[in-house]
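Here are some comments on the model, set out as numbered points. Please read them with the sequence and the structure open.

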Amino acid sequence: MKQRLLACCVLMLLAFGVRAELVIEVTQGVDAPTPIAVVPFGWSGGTPLPEDIAEIVSTDLYRSGFFSAMKRSDMLSFPQQQAQVFFRDWRVSGQNYLLIGRVTSAGGEQLQVTYELYDVLKETRVFGEQISGSTRNMRDMAHYIADAVFEKLTGLRGAFSTRIAYVTAQNQGGGRHRYSLQLADADGARARTILESREPIMSPSWSKDGSKLAYVSFESSRPGIYVQHLATGKREKIQSFAGLNGAPAWAPDGQRLALTLSKDGNPEIYTLDLARRQLTRVTHHYGIDTEPTWSPDGQSILFTSDRGGQPQIYRVYLSDRRIERVTFEGNYNSSGKLTQDGRFLAMVHRSAGAGAAFNIAVQDLKTGRLDILTQTSLDESPTIAPNGSIVLYATQQGNTGVLAAVSLDGRVRFRMPSSSGDVREPAWSPYLQ
């Protein structure tokens, strides 16, 4: 099983293709999604706006799997304010909620957006507000509105304003690739390149405040750990010892990284104080210890180890180095990621038995219950939305690597394929505001 753990790194490097922007395809939603009509927002200016805010909001809500969005071609009217709303028309068309809005110029590139949500069945205004921005951040305003509506109607904080990082590579022929670390909106839009290299890039990890990414790059012929400051583009090399330097994971305090290093002869878990550059060894075992992830309180680290003969997930408490095994079901569990409340653990799981597939599973750490969430066979690299509702992961669609997602209860599923080539190694950002 040591070979399997080490081979995972190699497989991730080989399964790349051409870079492209991601597009969300909903494959399964809740049994009875809530009908909502998002009317085109009014605009009094003469020049068309660069973005359609209402369309972005509608698409966000639909892609969540919790809502069915009304087509504009089916709308009988396009109200912009309450006096223009005829609830009977929307009730007859089967809508539960109605979102209207209007955009006005505030001078130059500045805009004011007013939106209001109505309960069609009760014929009441649920809430509304006015927000300001510019023509350059209209998508941000749209995601903000979608987050507000989502939270009001589901009770769960929206994550449409967050970002995802992922890795792609362009096949240049002759066995050569051009690797890219990409950053995009949570819906895959506005993808931009953070780093390009002729050598592999792996394991992106977000700092708690969303300002930095840590990752592994092989650009100096051996793996090194780097930190990228997203606002300034500043990039610094953190560690590059002989042997394995991998799997960086930010501590909740943003001051430390957990790492996998083999500088002492065997892959072990270390922590690094970034300010003092103080390295502390956390585990001591002849087995392979890798893939650290912090508990939300920063008091313990979960990691993958084959110390019991097969890869399983363990927890080490930093105060006394006490170690306990966390996963017991199945003969393979790895790549653990915790929800922000620390209760649920998403992982790559393989059930016992010949021919069992590698799936994404989630374990309730309070009750011990484990649920297998996916039905595909080569799932890897789970990452969890900051609201704890969705697990994003890498998988195969035919011969192509794609990102896919499933809710923690298994009710909502969607894929994020690119227009060409493969994508891998997703990392979901924390809340950014």
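1. In this predicted model, strand β16 and strand β17 (residues 268-273) pair in the antiparallel sense, and 6 bridges hold the pairing. Within this pair, Leu259 stands opposite Tyr270 in β17. The two strands form a hairpin with 6 residues between them, and in that hairpin Gly265 takes a positive phi near 110°.

2. On the N-terminal side, strand β15 (residues 245-250) is joined to β16 by 4 bridges, and these two strands also run antiparallel. Trp250 stands opposite Leu257 in β16. Here too the strands form a hairpin, with 5 residues between β15 and β16, and Gly254 in the turn has a positive phi of about 70°.

3. How many of the 6 residues of β16 are buried? The count is 5 of the 6 residues in strand β16 (residues 256-261), so the strand is largely enclosed by the rest of the structure. It may help to view this together with the pairings above, since β16 is bridged to β15 and to β17.

4. Turning to the helices, the axes of α2 (residues 53-63) and α4 (residues 138-154) come within 8 Å and cross at roughly 45°. Angles from 35 to 65 degrees fall outside the parallel and perpendicular classes, and therefore α2 is described as oblique to α4. The crossing in which α2 passes α4 is right-handed. On the α2 side the contact is made by Ile53, Ile56, Val57, Asp60 and Leu61, while α4 contributes Met138, Arg139, Ala142, His143, Ile145, Ala146, Val149 and Phe150. By class, the residues of this contact divide into 10 nonpolar, 1 polar and 2 charged.

5. A further position to inspect is Leu403, which is found in strand β29 (residues 400-407). Is Leu403 buried or exposed? Its relative accessibility is 0%, and because buried means under 20%, Leu403 counts as buried. Leaving aside residues up to four places away in sequence, Leu403 touches Leu22, Tyr166, Leu392, Tyr393, Ala394, Arg415, Met416, Pro417, Val423, Arg424 and Pro426. Ser381 lies 22 residues from Leu403 along the chain, and the C-alpha atoms of the two are separated by 9.7 Å.

Conventions
Residues numbered from 1 in each chain as written. Predicted model: local features only at pLDDT ≥ 70, side-chain atom pairs only at ≥ 80, totals over all residues. Heavy atoms only, no water. Axes fitted to C-alpha atoms, helices over the stretch in contact; angles between N-to-C directions. Parallel < 35°, antiparallel > 145°, perpendicular 65-115°, else oblique. Left-handed = near helix turned anticlockwise from the far one by under 90°. Contact = heavy atoms within 4.5 Å. Nonpolar A, V, L, I, M, F, W, Y, C, P; charged D, E, K, R; others polar. Buried < 20%, exposed > 50% of the residue type's maximum accessible area, 1.4 Å probe, protein only. Pairing = 2+ DSSP bridges.
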